[in-house]
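This report describes the fold of one protein chain, from strand pairing to helix packing and single residues. Please read it alongside the sequence and the model.

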Amino acid sequence: MIPEIGVFALVLALLVAVVQGTLPLIGAHWRIEPWIRVAKPAALLQGALSLLAFAALGWSFLAGDFSVLYVAANSHSKLPAIYRFTAVWGGHEGSMLLWQTLLAGWGCAVALRSRALPPDYAARVLAVMGWLGIGMLLFLLFLSNPFSRLSPAAPEGRDLNPLLQDPGMVAHPPLLYMGYVGFAVAFAFGLAALISGRLDATWARWSRPWTLAAWSFLTLGILLGSAWAYGVLGWGGWWFWDPVENASLMPWLAGTALIHSLIVTDRCGAFRSWTVLLAIAAFSLSLLGTFLVRSGVLTSVHAFAVDPGRGLYILCLMIAVVGGSLLLFAWRAPNVGLGGRFAALSRETLLLINNVLFVAAALAVLLGTLYPLALDLLRGEKISVGPPYFEAVVIPLIVPALLLMGVGPLARWKRAPRPELARQMRWALAASALCTLALSALAAWAVPAASRGMSGWTPLASFGVVLAAWCVGAAIAHAVERLSAGNDEDGRLASLWRRARRQPASWWGMLAAHAGVGVFVLGATLATGFEHRREATLALGGSVDVAGLRFRLEALTPGEGPNHDRMRGTFVVDALDGDGGRTLGEIARVYPEKRVFHADGTALSQPAIDVGWRRDLFVVLAEPLPDGRWSVRVQVKPFMAWIWAGVALMALGGLLGLADRRYRPSRVTDTSRAARGPDERAIPAVGGIRPEAS
């Protein structure tokens with residue numbers, strides 16, 4: 001009965017989505033107020049029905065209802081309860097239901113937080129999201145129904161993929177999808193602005209918090225996905241340029257450009273056409289990522305192989321959404337005008353260059369991801385585009401963007417006087433030089449002595465440290481400059497605390513995000529440049545030395561988990577003296593496992609990681625050998641925690657920006673009139689409706 005409730009909820013949600021996508025658009029066109037008012041209740045009802053369907057599928061998993069085909073294919077009676085619930089999105093059908101539920105959830109959030117918007121504009125935004133819901137609900141009901149029955153019911157499930165039985169899978173897919181689907185809100189705001197003819201700075205102000213939220217969720221999702229791959233797959237890396245990893249990186253790069261472009265459009269009315277195009281691109285790349293992962297065209301740990309019909313539908317949906325929005329943009333863009341003017345040396349110019357670099361990096365990733373697929377389709381040739389291509393093409397585009405990232409906040413809007421910018425740059429360079437010395441000393445102290453030398457301190461590693469220092473030092477210099485400038489009411493310098501409290505939350509968020517980039521660059525540089533790894537075969541009592549540490553296999557203990565048998569190794573890690581001969585004492589114990597799952601006999605190595613802020617100790621118990629020994633892999637990876645901390649700090653910066661008082665619900669007026677250029681003209685709305693007077 002529960003699955004039937006889920007199907008009924010999806011059918012009702014589809015009917016409501018049709019109402020949400022049509023009546024408000026017609027009502028806004030002809031100014032039929034009752035039809036305009038339908039948008040918000042319809043969005044809320046669609047959200048409730050989608051949540052009901054998702055809850056029905058979750059209950060089916062928790063109850064072990066193996067008469068549901070999707071449950072039987074992705075669950076098992078011995079699967080721990082937490083993984084029975086996360087198995088809801090462990091396969092294709094459930095992950096697409098999660099996609100739809102989050103899309104409807106974002107629509108509910110817009111409906112509840114849109115009282116500051118003109119009613120006709122809010123109706124258009126929700127109508128666009130309603131049409132997206134129609135496309136997804138049709139897919140779920142006719143091609144990817146998670147409630148399909150299995151008759152007779154299976155006596156036992158096939159179990160969840162062992163790689164997905166990890167705590168990281170509790171939060172990684174929902175956060176990643178929150179980011180993917182969240183860009184639909186910015187997309188809907190942009191299309192509503194094009195339809196209504198209200199393509200001014202106000203739409204950028206309205207959509208900024210939604211874009212920040214989506215970008216923050218996507219950043220956290222990428223972070224957890226990378227940490228999951230590092231801790232579960234057993235190869236000890238944090239980014240492999242896997243096609244599905246790239247599918248999340250592309251909208252992140254486009255979203256980063258969109259955030260900065262929205263700032264300019266909000267602040268001075270410039271970049272209007274470019275900003276709308278970025279909103280379309282960010283969501284289009286999110287749809288592309290969904291197509292790549294769910295169509296079966298990719299072979300990846302993260303991808304789900306499905307039948308071609310599903311992939312064809314997602315491809316057609318993507319073409320309809322992207323093609324339709326680009327046609328609307330092409331129709332409206334000639335009437336937008338140039339917006340606010342600015343000098344060649346200004347913050348706007350620097351942000352524009354940064355935008356172009358981020359978009360170029362996204363296109364480079366797109367090319368490297370799609371080229372092998374196109375070659376296979378056209379010529380039947382199979383090639384692999386791996387890290388060498390991406391590191392040679394993408395990194396040279398990102399490096400100048402990071403260099404400009406430190407300059408942009410120092411420059412004035414509209415026009416940046418050269419003497420003033422040069423003076424501020426001197427302070428930024430001085431702060432960066434001090435940070436370089438501090439970070440170099442920290443690295444020299446923290447990195448194991450055996451890792452130093454020409455193999456580690458290469459020119460590239462040194463440049464990475466300098467680049468990290470520039471990101472952090474420029475943020476510090478900007479903070480000092482802003483907090484120490486000016487006088488208080490009595491003509492004296494205001495206290496640091498008083499000035500800090502006056503700064504908007506979005507400014508603090510910018511500092512946190514930019515500093516987080518520096519922390520990430522430092523961690524990635526040192527983890528890559530000073531990593532030590534070694535493979536060996538060990539018997540009980542055997543040891544292997546790596547980077548001034550001795551890893552000794554002390555014990556092998558068989559055991560049993562809730563749905564698997566395991567062999568647990570106990571490794572004692574001792575520090576060695578400078579000559580590498582005498583042990584100085586135990587510093588850690590790690591417990592890697594080799595698991596064999598009951599359902600299908602899958603064998604999986606579960607790495608053990610001793611995490612520290614200076615270094616990670618990574619041990620894999622790989623395979624047993626006929627003579628009783630085990631093949632093991634040992635890695636010493638310095639500063640891995642700094643990679644995670646840097647990305648988390650970036651996400652925190654985005655979330656801090658959401659706390660800005662300017663984004664709280666209140667009636668927003670058109671702030672772009674003063675910035676409107678002499679050639680600027682208003683855009684006529686669809687159906688002859690003019691933008692509201694401000």
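Leu617 has Val636 of strand 10 as its bridge partner. Strand 9 (residues 615-624) and strand 10 run antiparallel and are joined by nine bridges; strands count as paired if DSSP finds at least two bridges between them. Strands here are DSSP runs of E with at least two residues, helices are runs of H or I with at least four residues, and both are numbered from the N terminus. In the hairpin of strand 9 and strand 10, five residues lie between the strands, and Gly628 has a positive phi near 95°.

The model is predicted: local features need pLDDT of at least 70 and side-chain atom pairs count only at pLDDT 80 or more, while totals for chains, interfaces and linings use all residues. Residues are numbered from 1 along each chain as its sequence is written, and side-chain values use heavy atoms, with hydrogens and water left out.

Strand 10 (residues 630-638) also pairs with strand 1, antiparallel and over seven bridges. Within this pairing, Leu538 is opposite Trp630 and Arg534 is opposite Val634. The sheet that results is open and has four strands in the order 1-10-9-8, with antiparallel pairing. Its edges are strand 1 (532-538) and strand 8 (608-610), each of which pairs on one side only. From one strand to the next the twist averages 15°; axes are lines fitted to C-alpha atoms, for helices over the stretch in contact, and angles run from 0 to 180 degrees between N-to-C directions.

All nine residues of strand 10 are buried, where buried means under 20% relative accessible area, exposed over 50%, and partly exposed in between, with a 1.4 Å probe and protein chains only. One side of the strand carries Trp630, Val632, Val634, Val636 and Pro638, and the other carries Ser631, Arg633, Gln635 and Lys637; both faces are covered.

A second hairpin is formed by strand 6 (residues 593-597) and strand 7 (residues 603-606), which pair in the antiparallel sense over four bridges. Arg595 has Leu604 of strand 7 as its bridge partner. There are five residues between the two strands, and Gly601 takes a positive phi near 75°.

Among the helices, helix 3 (residues 39-62) and helix 7 (residues 119-142) have axes that come within 10 Å and cross at roughly 35°. The crossing is left-handed, a term used if the near helix is turned anticlockwise from the far one by less than a right angle, with clockwise giving right-handed. Helix 3 contributes Ala39, Lys40, Ala43 and Gln46 to the contact, and helix 7 contributes Ala123, Leu126, Gly133 and Leu137; contact means heavy atoms within 4.5 Å. These residues divide into five nonpolar, two polar and one charged. In this scheme Ala, Val, Leu, Ile, Met, Phe, Trp, Tyr, Cys and Pro are nonpolar, Asp, Glu, Lys and Arg are charged, and the others, Gly among them, are polar.

Several residues can be placed by accessibility.

| Residue | Relative accessible area | Class |
|---|---|---|
| Cys268 | 2% | buried |
| Ala547 | 11% | buried |
| Cys435 | 13% | buried |
| Thr436 | 19% | buried |
| Leu655 | 37% | partly exposed |

Thr436 belongs to helix 15 (residues 418-446). Apart from neighbours within four places in sequence, Thr436 is in contact with Val466 and Ala469. Leu655 is part of helix 19 (residues 640-658). Its C-alpha atom is separated by 9.2 Å from that of Pro209, although the two residues are 446 residues apart along the chain. The count of disulfides is zero, with a disulfide taken as a pair of cysteine sulfur atoms within 2.5 Å.

Some backbone features fall in loops. Ala547, between strand 2 (543-546) and strand 3 (549-560), has a positive phi near 50° in a residue other than glycine. Arg31, in the loop between helix 1 (2-30) and helix 2 (33-36), has a positive phi near 55°. The peptide bond from Ser151 to Pro152 is cis, with omega near 0°, and Pro152 lies in the loop between helix 7 and helix 8 (168-196).

Over the whole chain there are 19 helices and 10 strands. Of its 694 residues, 57% count as buried. Among contacts with a separation of 6 or more, 75% are between residues 24 or more positions apart.
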